[in-house]
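These are my notebook entries on a structure that I went through piece by piece. I wrote down each thing I looked up, together with what I found.

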Amino acid sequence: MAQDVRTRPAGRALLHRRTRLERYQDRAREAWRVLRKNPTMLLGLAIVIVMVLVALLAGVLATHDPRHLVPLDRLASPSLSVEEGSKGTAHLFGSDELGRDVFSRTLFGSRSSLQVGILVALGTILLGTTFGLISGYQRALDFVVMRIADGLMAIPSFLLAIALMTLLGPSLRNVVIALVISSVPGTTRFVRSIVLSLREREFVLAARAIGSGPIRLLVYHIFPNTIPPVLVLGSFITAGAILSEAGLSFLGAGLPPDVPSWGNMMGQGRTFNSIAPWMLFFPGLFLSLTVLGANLLGDGLRDTLDPRLRRLQ
Amino acid sequence: MKWSSSFGLRLLPLAVLASVGFVLACGGAEEPAAPRAADPAAPAPTAASMMMEDPAAPRKPDQPAPAAPAPTAMAAMAPVLKPTPVVETGPIIQYTPPDEPVGAPKQGGTVLWAVGNTPSVDWSCHTTFRGGVSQHVYEGFFVFDDQRVEALPLSLESWSLSDDSSSYTFTLRDGQTFHDGTPVESADAIASTERWFGSTHAIAGEVFGLIKPVTHEVVDSTTYTMSMGRPFGLWPVYQAFNGAWIQPEEISNTNPHECIDTRTQVIGSGPYSYIEWIPGDRVSMERFADYKPRSEPANGAGGGKIAYFDRINAVVVPDHSTRIAGLKTGQIHIVASDVPGDFKADLQADPDVNVAVIGPGRPPYLVFNLGTKPFNNKKARQAVLMAADMEAWMTAAYGAGADWTLDGAVFMSDGPWATQVATEKYYKPDGIDLDAAKALMAEAIAEENYDGEVVVLGGNDTQFGRGSSAFTQQLLESLGLTVNRPNVDWATVIGWKNANPEQAGTPGVSHCARDIKPGANAPGDGWNMYHTRTAPFDPLTLEPASINWSCGWLVNPDDYSIPRGAARVEAGVQGALQPLTDKWLAAATLEDARAAIDEIQEFIYEEVRYIQLGATLGLMAFRNEMAYTPTAGGFVLTGAWFK
Amino acid sequence: MKEYVAQRVLAMLPVLLIVAVFTFSLVHIVPGDPAIILAGDSGTPEAVANIRERMGLDKPIYQQFYVWLTNALQGDLGISPASRVPVADQIMRRLEPTLSIGVFALLLSILMAVPLGVLAAWKQNTWVDRLSMVFAVLAFSIPVFWLEYNMIYLFAVNLEWFPALGYKPISEGIGQWLRHITLPAIAVGIISAALPARVTRSTMLEILKEDYVRTARAKGLIERAVLLRHALKNAMVPILTMFGLSLAAMIGGLVISEQVFAIPGMGRLIVDAVATRDYPLIQGTLLLIAVSYVVINLLIDLTYLYFDPRIRY
């Protein structure tokens, strides 16, 4: 890090007072430098950005209504051109068993997947950080919270999610609830371990010595330091939740079958895998790419934010 | 603090904001906001023209159906009811046997037969019991021949109908024993018949309702009589169609609505004895050494049933593609039905696999609930039929046309009762007039002062349920209706259409009229229509079997309770159809009967209480190492062996 | 040492209790009468009354839990409403396939993850390192069923090396048994090798920088001995912990794989149970899987005694 000192804002601030714009430019340059040093993170970030754009612009990019059935044009193989006599525009990724356009469905599928991924990550982090902070700082509550977490963690999370989906019934909201419940215990445990190590650190002890109350300690001193690792964890949770949603939908216990989601498309496409492999292939490709992007981004964030977090997988 | 953690600090609100913004921007994932194309039907060729062009379609609307053969089972019947109702004389088997000689039959081997879900081992407590395991473990009274025309006695040595057609005398074959070694006697046969009357099956209830009171009398250990409350000559046919299987008396006497104990009570007298059912995995059967086949040659599901395989394993393989992969790699010997039509070409190209199309399958129907707006109005129902592209609908429901045909005749076009009266409303030879249909629907909506969402039910756990109901949704939306299609499986659909909060738990009563709750998503919230596959049109009830269980035939608009089974026949709830039924029942000649059927079909297409989507066939596939001859009489593995 | 074992076993008990409470409450969370739910869709009034009496459903909830728990401890997990076969019987029949594939997959994942991780750490920043980490990230990002359908297509249908579906018990010949479990075991093995491979690499990297490794090299030990005897043995604790954790992912993978390959194991059992809403069966399988998961992780904890003799509590 020694050579970095030259470009550090603190170093330059000594020379002249910087404008707001310059400060932003500095920050952008910093971020770019971090990314350039870490090409895999750049790749991950690029994939994630592309997928988010795909999800946002699905309505513009799609060539067909993802739900429109044209039964007589079913199982059409992928093609770039409109064949003579065929109906409508070409199916880039082919059409499915009801004559719906796989390309458009795949694009719209990114919405369900990313929504599930992001909502689960947000929910898990919110609950997990809260419980983790409480548990790491309050000995009395720690025992209760940790025993419940241990109990829930003893049921493999995918099975727990399946069981919860049985109770809740298929819908986007319920998938998110089930996946949040099954991933909160691990996050709680993780945040708690960070809090436990932080509370013995000098700056916390110092803050306590000058009379900060427990709430103040938690909110102003401990919580900010849990953010980088939790952010890293968040990208892994997003990746895991997207995979789990696909698995649940594949088994028929996820999103309702009408919703164009990658898991649903693959679950329905598996029947036709030998005659219409594109039904399974393209959603699987997009799913794998998205998860890969989130994982690479998480890896990169981890390496960048805190090299000590290398153990966090 | 290192710069990297402050970098992280700044990232957090950014990340949270971005994520929230993203989720909001995408809106509900369940409603992608792309424009819907309004007209599903326009680009498709008309159904009728397709029919004419497609050489594979065996049924043509303008082709006269072959005359009915005289079924021997009917020979002795009085002129009370017309001959066999389940006559399917068309090309119901499409199968070219391989050229090479099969050699002499020999015993041995375990045949692996793939099924989609666990086959029912209890014929009384499940609705689809005919065929499958029962066909091997149990011996029935009557079964169909290889053309599915004639009812052949199976466990009966002989039978006769009295001169007034109201009493049967049955004699069981000598030397039959159950798998536990006890002999099959009259008392067992009687108890099994009575269990059938009490079972959950629509047909059993209808038949019992018609012929009760029924009294049985034991003549000797193998002979007994059955006296009925009215003349009835169709008993053998109904038994062959969906009848009773013989069980030991003490098992038959248990509650027919409660399943038998699958560990100890699966005892029949058929050619294979039951070993075990591992739910979700397999049902195993082994050859029953003491089974005495009939002396005549095998014929359909009957005749001399000779077991060559040592063991039959009905292996549960839920996934179609896995089943087909197994068939191709030789891990599965036979898939007896529901091979998706899409795979026909793929399988035919495999030299190790034989493919046969056998019929008839269970035709698909869309059934309206006549107790709810706007479909209490005839015009609304007519509009749906008017706008429907039947070929696209059938394709959505079944896939490529290898295992179905378009068929607008309510008695099925290849039967003796086929008539093409009014089927132009089905085939639409002049194309679909969507504007006229929309106008008609608008009229109905205005008359009923309707403003709400249409609840469409279809079991999402099958390709049929998903495809047909998705198409229906699109069809209704093209007519300007708002559609709610809840995500439910078939079991839930049944529960939903029968849900009756006022009489919760009362078997045999459906409740049809219920204001539909906005956003309906649970049984009890009301429904407008559902999709089903069921037995073809049945002359006894004059409707597909499952429709009399639902709300397709309301008589009294104030009383939406539909009595089922026996009570239904008694109440005469066929309503406006009743005079036509009576006319048909009274017909003395085929011509008279046909005239009555013309009127019936006209009535059905005028009222549109349900829509028959088409006719289905079954696609089966089996390995070359099996010497097996497909038959329409019902799937049975006796008479087949490994080459 | 005995004290340590006893302590670990005792610590397991509250976890198991929480699992039991959760599993028990499954049928009580669902709206509706538990007796009707347990009796299933085709349950008759007699069957419902029977269940109500047998499970003491008219008693207060803690007594119900006591009855349920004592029954479960005696191996009585209830009776499936549809087949009327006791849940314990059904589970016993399904154990063999799942255990076979699970153990085989675990073996394969160890054989893949450990050498890959060691190799990557040894050849840090070379193409070997990058390639193996690409493998790890990919394996972590691909849905297991997508991998499996492609494997079936390639190895079973086209090359005909392995059967496409089903299971042959070991009693019918080891060759057949192996052929049937190979494809699913490879797929599940790959998926669950990803995380351990990464942990192996990062732990090895840390250890290879330690003084004692430098000493070992300096005293002229051959590289293999340095890597395996000195470094790897000391890296085993975090690696084993990771295997314990990735067991949860593996169980999720097994559930899906049994569906794909039509293997009559525990996974199929639980998916079928979910589809038919067979609550006694769901409870029974969840309980059993959770208990074995806890026990396996306990066993892993105990192996630390061998790998890290410093552990004495």
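Which side chain meets that of A:Asp96 in a salt bridge? I looked this up at the start, keeping in mind that the model is a predicted one, and I found that the partner is A:Arg100, with N and O 2.9 Å apart.

**Entry on the pair in chain A**

I then asked whether the two partners are buried or exposed. A:Asp96 has a relative accessible area of 5%, and because buried means under 20%, I noted this residue as buried. A:Arg100 is also listed with a relative accessible area of 5%, so I entered A:Arg100 as buried by that cut-off. I added a reminder for myself that side chains of opposite charge can pair when their charged atoms come close.

**Entry on salt bridges elsewhere**

I looked up the total next, and the count over all chains comes to 23 salt bridges. One of them joins C:Arg201 to C:Asp129, where the closest N and O atoms are 2.7 Å apart. This pair links distant parts of the chain, since C:Arg201 sits in helix α8 (residues 174–208) of chain C and C:Asp129 in helix α6 (residues 127–141) of chain C, 72 residues apart. At 19% relative accessibility C:Arg201 counts as buried, because the cut-off is under 20%. C:Asp129, at 3% relative accessibility, counts as buried too.

In chain B I found that the side chains of B:Asp346 and B:Lys328 meet in a salt bridge, with 3.1 Å from N to O. Here too the pair links distant parts of the chain, with B:Asp346 in helix α9 (residues 344–348) of chain B and B:Lys328 in helix α8 (residues 320–329) of chain B, 18 residues apart. B:Asp346 has a relative accessible area of 21%, so I wrote this residue down as partly exposed, the class that lies between buried (under 20%) and exposed (over 50%).

I also looked for salt bridges that join into a network, and in chain B I found B:Lys378, B:Arg381, B:Lys425, B:Glu606, B:Glu607 and B:Arg609 linked in this way.

**Entry on chain C as a whole**

How many helices and strands are there in chain C? I found 12 helices and 0 strands, and along the sequence the pattern of chain C is therefore written with α throughout, as α-α-α-α-α-α-α-α-α-α-α-α. Of the 313 residues of chain C, 54% count as buried. When I looked at contacts in chain C between residues at least 6 apart in sequence, I found that 70% of them join residues at least 24 apart. The accessible surface of chain C comes to about 14300 Å², and 67% of this surface belongs to carbon and sulfur atoms.

The domain assignment of chain C gives domain 1 (2–73) and domain 2 (93–312). The contact between them takes 19 residues from domain 1 of chain C and 17 residues from domain 2 of chain C, while the C-alpha centres of the two domains lie 32 Å apart. I noted that about 1600 Å² is buried between these domains, with carbon and sulfur atoms giving 79% of that area. Across this interface of domain 1 and domain 2 of chain C, the rule finds 0 salt bridges.

**Entry on chain C against chain A**

How many residues of chain C are in contact with chain A? I found 41 residues of chain C in contact with 42 residues of chain A. The area buried between chain C and chain A is about 3800 Å², of which 76% comes from carbon and sulfur atoms. C:Phe145, C:Trp146 and C:Tyr149 supply 16% of the area that chain C buries against chain A, which is more than any other three residues. Between these chains the count is 1 salt bridge, and I found the side chains of C:Arg198 and A:Asp299 meeting in a salt bridge at 2.5 Å, N to O.

**Entry on a nonpolar patch**

Last, I looked at the surface of chain A, where A:Ile49, A:Leu53, A:Leu56, A:Leu57, A:Val60 and A:Leu61 make a nonpolar surface patch of about 520 Å². Both α3 (39–56) and α4 (58–61) of chain A supply at least two residues each, and the largest share, 3 residues, comes from α3(A). A:Leu57 lies in the loop between α3 and α4 of chain A, and I recorded A:Leu57 as partly exposed because its relative accessibility is 40%.

Methods
Residues numbered from 1 in each chain as written. Chains lettered and ligands numbered in written order. Predicted model: local features only at pLDDT ≥ 70, side-chain atom pairs only at ≥ 80, totals over all residues. Heavy atoms only, no water. Patch = residues over 30% accessible without salt bridge, like charges linked within 9 Å, V, L, I, M, F, W, Y side chains within 5 Å. Areas by Shrake-Rupley, 256 points an atom, 1.4 Å probe, with all protein chains shown as cover. Salt bridge = Lys/Arg side-chain N within 4 Å of Asp/Glu carboxyl O. Helix = DSSP H or I, 4+ residues; strand = E, 2+ residues; numbered from the N terminus. Buried < 20%, exposed > 50% of the residue type's maximum accessible area, 1.4 Å probe, protein only. Contact = heavy atoms within 4.5 Å. Domains from an automatic or database assignment. Buried area = accessible area lost by both parts, 1.4 Å probe.
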